[in-house]
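Trainee: I should like a close look at a single part of this model, the open sheet and the helices that pack on it. Please describe how that part is put together.

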Amino acid sequence: MPDKKILVVEDEPELVRALEVRLKSQDFQIISALDGEEGLRKAREELPDLVILDVMIPKIDGFRVARFLKFDEKYKHIPIIMLTAKVEDEDKAVGEETGADEYITKPFEWEYLFEKVKEYLGVE
Amino acid sequence: MAARKVKDKTSDRLKTALKEAQVLASLARGTAYVTDIRELFRRIQLAVREVVKYDVYMCIILQGEDEGYLFTDAASAVTRSCLDEVRSDLLRVTNYLTRKKIRPEDIREEFGATEILSVDERRHGIRSSCNIPIVIDLQPIGIINVSSFAEDAFSKDDVEVLYSLAEQTSALVQGLRKVIASETKDIESIIESVWDGVVVVEREGKTKFLNPAARAMLATKQGELSALERLKGYILKDLAEVKKGAKVREVKVRDRILDVVTTPLGFEEEPEGAVAVLRDVTKAREVERMKNELISNVSHELRTPLTTVKEFVAILLDGLAGDLTDDQKEYLHIVRSNIERLARIVSDLLDISRLESGSIQLNSEPVSVGRTVRQAADTLRPSMEEAGISFRIDLPAGFPPAYGDSDRISQIFLNLISNAIKHTPPGGEVVVRGRELPRKLELSVTDTGEGIPEDRLKQVFDRFLQLGRMPGPGAKGIGLGLAIVKELVKMHKCKVWVESNLGEGSRFCFTIPKLKKNFTLKDYIEDQKKLYERRHRGFCVVVIDLGGDPEGDGRMELRRGLETVLRSPRDAVFRKDGSQRTVVALAESKKQGGLVFVKRLGEELSERPVEYEADVLAYPADREKVESLADEWAGRP
């Protein structure tokens, strides 16, 4: 698989680890961040091909990180998949307003997430 | 009492005296405990009628400072003008005696006989009349009047009898007043001490009564009843709207939340005012809110660790951490299914909590029943196979679409089918059937399980109740599945019920609204508009309608697909092509998601089996083109 870089922004290190195990097995390159501030910074520095972004993260929450990236000419092209434990209509709405490309609730099926990852990376 | 026959005038007088005694006695007996003033009036009038021959009878009894009751009777039909004459005379005399200024409109009039008005305008002149005061403690409180068209109609004996009756009346009215006073006092004490507030408002807005509890609820620290005016406004508004029973509303008064129950006071057609009962529900609401928040938070908190555990188990099972022995695989499967069970319980808890707090709204749209059931069956196929149960869908051809929340309807089927699986032994069968009704669709999920005893049929939908499930595989839950189904069906304003035969199986039935026959694109637009406005707080519409089979699954599927694609539109632009059937919506999004969306729309459309014609315009490059098309469609020059 071509060298695709994925940024995972998630404050549960174990979940990051789980995602890493999965994604690395598919030969993706993984960078991670444990809070919104670090996530934003790494996104800007590393220009990943995809961001998997949790909603509930410290410092800057997931929605705002998504907004910052999407409103910025330089980064708006980066697809964002948001993960959340919430399913309220309003949260979906906010999620959509931020311009995130996908919205997945926890607990998720790995297959489903994987398909979305492949979709947004444009790989098979 | 036998009367001796005496052939002279005295016998007549005796007869009269006897009559009088009898009447008085019966009056005393009959009215000893009359609590209804109308009834009192009637008995008096009947008594008078027994002893005195009159053409018109009127009795007035005063109430309070400037109100009174008038009781009228006539021996035969009389004209309105005649009654008016008697009435005004009577009032004049009453005012004179009592030194009051009672006007006709202050009197509530009752008619003894129902048909005493005639339209014959021949002058029925009153030639003689008699006014006997009714006195309590030397104060006149009313008058008995008898009138006649004949002159000198009333003899001295008549007058004496009338005086006796008037005295009797006075005694009765006093008795009545005492009873009312004492009962009123009792009621007042009760109302004073009750914790709920009681407010009585007259129709014109005057506060008739306010108990201490109400005062406490409405007063500021300084003791001002600033909230009272606003509350009265609500009460009177509710009074105008309530026809029968009561109207309930919630009112915020400073930091309190009050439940206000308003009922009309007085006669149904013309209520004199309203009684409102106020209850302070602030604490109750707070507790409710906290409970929901608790359930919500806990459930959310549980989801993340669940996710982590689930992920690692899946990673292990997929061999990413090395090969597994058979035992290890088996144990991990057990772990996984329990995780799934936990996840389901959390989900159910969240659902039931949100359903009860009313925070779930329906997003209604056309729904293909067949497709929904098939999807649910696909999800549950593994458990069906594991349980050795076969499944069948039996819907008539051309089964119409339903109209409801597709996710929720899906959930209803999932819960019912999985419930059926749980209760059916291996080799059994679960069947989903559908039937069209005039305005609804009736669906049923049948199993070949052991059935439900009759006395439990109603209870099945209770929370946390789990009756005799099959041992072995199958999703174990927390017993909320059917309770959730019940709430979801209720939300669609429909019914769910179960029929069962012990030893044969059960049939769970529910109705859902049917898509109305003339459901047009316009209706669909309106729905989607509401949906999006609700979600996006002011977004505009997304419209999709593509040609092809108007009722078939293909169209429905396309709608759904496009909706997924068109999730973040800001403004909608409509474009119509020549053939009226085809409309494609484009979303011009100011957020950058728009570009991705447009690209995906194109991809979606190119994959669909349904015929369509459309253009996909990229933003922002084709902005002008988009705008001119919008103008064209909107008919602007």
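Mentor: The account below takes the sheet of chain A strand by strand, then its helices, and ends with a short look at chain B.

The model is predicted. In chain A, five strands form an open sheet in the order β2-β1-β3-β4-β5, with parallel pairing. Two strands stand at the edges, β2 (29-33) and β5 (102-105) of chain A, and each has a single partner strand, so one side of each is left without a neighbour in the sheet. Neighbouring strands are turned by 20° against each other on average, direction ignored.

Strand β1(A) is mostly covered, as five of its five residues are buried. In a regular strand the side chains alternate between the two faces of the sheet. For β1(A) both faces are covered: K5(A), L7(A) and V9(A) lie on one side, I6(A) and V8(A) on the other, and all are buried. The pairing of β1(A) with β2(A) is parallel and runs over five bridges. Within β2(A), A33(A) stands opposite V9(A).

Further along the sheet, β3 (residues 50-54) and β4 (residues 80-84) of chain A also pair in the parallel sense, over four bridges. There, L53(A) has M82(A) in β4(A) as its bridge partner.

Helix α1 (residues 13-25) of chain A packs on this sheet and touches β1 (5-9), β2 and β3 of chain A, with its direction at about 170° to that of β2(A). Helix α2 (residues 36-46) of chain A packs on the sheet as well, touching β1 and β2 of chain A; the direction of α2(A) makes about 145° with that of β2(A).

Helix α1(A) also has a helical partner. Two packed helices are described by the angle between their axes and the distance between the axes. For α1(A) and helix α5 (residues 110-121) of chain A, the angle is about 60° and the axes are 12 Å apart. That angle makes α1(A) oblique to α5(A), and the crossing of α1(A) and α5(A) is right-handed. From α1(A), L19(A), R22(A) and L23(A) meet W110(A), L113(A) and V117(A) of α5(A). The residues of this contact divide into five nonpolar, no polar and one charged. An α-helix has 3.6 residues a turn, so residues three or four places apart point the same way.

Chain B offers another helix pair to set beside this one. Helix α9 (residues 369-387) of chain B packs with α10(B) at an angle of about 30°, with their axes 9 Å apart. The helices α9(B) and α10(B) are therefore roughly parallel to each other, and α9(B) passes α10(B) in a right-handed crossing. Residues of α9(B) in the contact include V369(B), V373(B), A376(B) and L380(B), and those of α10(B) include I409(B), F413(B), L414(B) and I417(B). The residues of this contact divide into 11 nonpolar, five polar and no charged.

Helix α10(B) has a further role in covering α11 (residues 481-491) of chain B. The buried residues of α11(B) are L482(B), A483(B), I484(B), V485(B), E487(B), L488(B) and V489(B). Their cover includes α8 (326-356), α10 (406-422), β18 (496-501) and β19 (505-513) of chain B. Just after α11(B), K493(B) takes a positive phi of about 65°.

Notes. Residues numbered from 1 in each chain as written. Chains lettered and ligands numbered in written order. Predicted model: local features only at pLDDT ≥ 70, side-chain atom pairs only at ≥ 80, totals over all residues. Heavy atoms only, no water. Pairing = 2+ DSSP bridges. Axes fitted to C-alpha atoms, helices over the stretch in contact; angles between N-to-C directions. Contact = heavy atoms within 4.5 Å. Parallel < 35°, antiparallel > 145°, perpendicular 65-115°, else oblique. Left-handed = near helix turned anticlockwise from the far one by under 90°. Nonpolar A, V, L, I, M, F, W, Y, C, P; charged D, E, K, R; others polar. Buried < 20%, exposed > 50% of the residue type's maximum accessible area, 1.4 Å probe, protein only.
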